[in-house]
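Me: I am new to this structure and would be grateful for a close look at how its helices pack in pairs. Please treat the subject as one connected account.

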Amino acid sequence: MRWRAFWVPESREVSPVRVPELNGWEDLAARESRTGIHPGDPILLSPEYEVDVRLGLYLCRSAFARLEPETKRNYVGDYCVFFDFLHSRGTRWDQATADDLWDFEDWRTRSPRNPRKVGASRWNRGLAALTRLYRWAVAHGYMTSSPVETRAVADRYGGIVQVPAARAKGARSCDVRWLTPRAFRRWVDVGLRGHTAAGIVVPGWRGRLEDRNTAFADLLFSSGMRLGEGSSLLVFEMPRTRLGGGRYYHGRLARAVTKSKRARTFYVSAPAVGAVECYVESTRALAVRRAQMRGRYDAVPKRMVLRQTGFQRVLLHWRDQDGRQGQTLLSEATAAERMSYFAEGPMGPEPLWLWLTEAGMPFRPASWENVFRAASQRCREELAVVMDEPPWCTPHMCRHSFALLMLVVLHHVMDVKLGLSPQERRDFRLLYGDPWRMVQDLLGHAQIETTRNVYLAPVADLQLRALLVAPEAEAGQAARSDAWVSSLLGRIARESENIQDLNERLVTG
């Protein structure tokens, strides 16, 4: 038996379960609220099917509850692994000692007895999770000392800070990988559209939610948004195509859904916007209508958005099923709140959450990882006979690839297409900023070092001016942007690690 994690659902599609109390009956939702359990909170169940009240307080009522959803999921998984290790030696989580932690570090990272050893980055993440838990347990008197030993080191400003002694050295801050546009397109066609290696659709391909999945992937690759940002959009936050609209459209990301908690403008290509519009007007509209006919929205505790007011600061006026009314700034609406927003349509309530399941319910951000994983698995199976390394993709790789593409394109525009002289180039950079700074703004990074050293490592050390001189330009001719950029990215892919490009091999017979 093992420790297991369960998550309180954000919403229930059925009537609340009723549980007996000493003085009568009480709704489960009301009891959860009274005890401080909120939708989206984790619950840990021991191998003996017991719930430790102290762990419940930590997970639901401490600073842990304010972490980002992805961080909470990762940390809870790390807790289960460590608690399982302790359980195998007959030790409870609140009895762990420093020796237990060092033994766990050896088993987790080096021991041949463990078939699933982890690297330095993964170990450091789990260590950070344990440090947070046991610091809280000691502060609240549940333990006399933490099993996580610390040592003093100097920080970047010369001060002395305490860090876990078991922290691994040489850990990579991020395992960044990239896709060239043509490799990404092959991944979409084969993984999400059901194409064969020959480029035709597999007979019998069902293509369930194909337009939704391809539109979302194109949106991330075209805009550079994070998974949590792109998956939390409301319908009216997505820009709409219009006549004469140009090649790119812009929208606004709310502060509450960004990692930096700062609102920013995003840009997305016209084809990607059109793909989202096609999904909204077809598959999504059909899913909503079916859900309305089956009464699915009637059983969901929902907030009906009555109207929007304001221009720069959009204010949502809502009313829930109990008749309570309230106001929420659009910029402050969290992902959980956005999933509960509905609008009154001509045929009944309609969710404002952009991405829906086949049943017409909000598609949770974490579920996109499964969509991308299944598509990559299909590429591996279908393209193994024609490619040495079939393309694979994750939602965050779309963001990495967008950054690399935009850097190359911006340098191309500045150095080749505009034909600027050195003096004009300096004036251009003073007015608009250099391409590195532009990419930083598009990604929403607080520090340009993150953009340079992590996301754009393949070209960080290259002499870009020499690299980006096309033969046609040297001959005084205009370079063709699309073909030239694809050729350049292919060159970078051959000379750099972790960039996926098409590398097909001839198949005889």
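Reply: The account below takes up two helix pairs in turn. This is a predicted model, in which local features need pLDDT of at least 70, side-chain atom pairs count only at pLDDT 80 or more, and totals for chains, interfaces and linings use all residues. Residues are numbered from 1 along each chain as its sequence is written, and side-chain values use heavy atoms, with hydrogens and water left out.

Helix α2 (residues 53-61) packs against helix α5 (residues 120-139) at an angle of about 115 degrees, and their axes lie 11 Å apart. Axes are lines fitted to C-alpha atoms, for helices over the stretch in contact, and angles run from 0 to 180 degrees between N-to-C directions. Helices are DSSP runs (H or I, at least four residues), numbered from the N terminus. The two helices α2 and α5 are therefore roughly perpendicular to each other (65 to 115 degrees, whereas over 145 counts as roughly antiparallel). From α2, Arg54, Leu55, Leu57 and Tyr58 make the contact with Ala129, Arg132, Leu133 and Trp136 of α5, where contact means heavy atoms within 4.5 Å.

In the second pair, the axes of helix α7 (residues 210-223) and helix α9 (residues 270-293) cross at roughly 155 degrees and come within 9 Å. This makes α7 roughly antiparallel to α9. Asp211, Arg212, Ala215, Asp218, Leu219 and Ser222 of α7 meet Ala272, Ala275, Val276, Tyr279, Ser282 and Thr283 of α9. The residues of this contact between α7 and α9 comprise six nonpolar, three polar and three charged (Ala, Val, Leu, Ile, Met, Phe, Trp, Tyr, Cys and Pro count as nonpolar, Asp, Glu, Lys and Arg as charged, and the others, Gly among them, as polar).

Note on methods:
Parallel < 35°, antiparallel > 145°, perpendicular 65-115°, else oblique.
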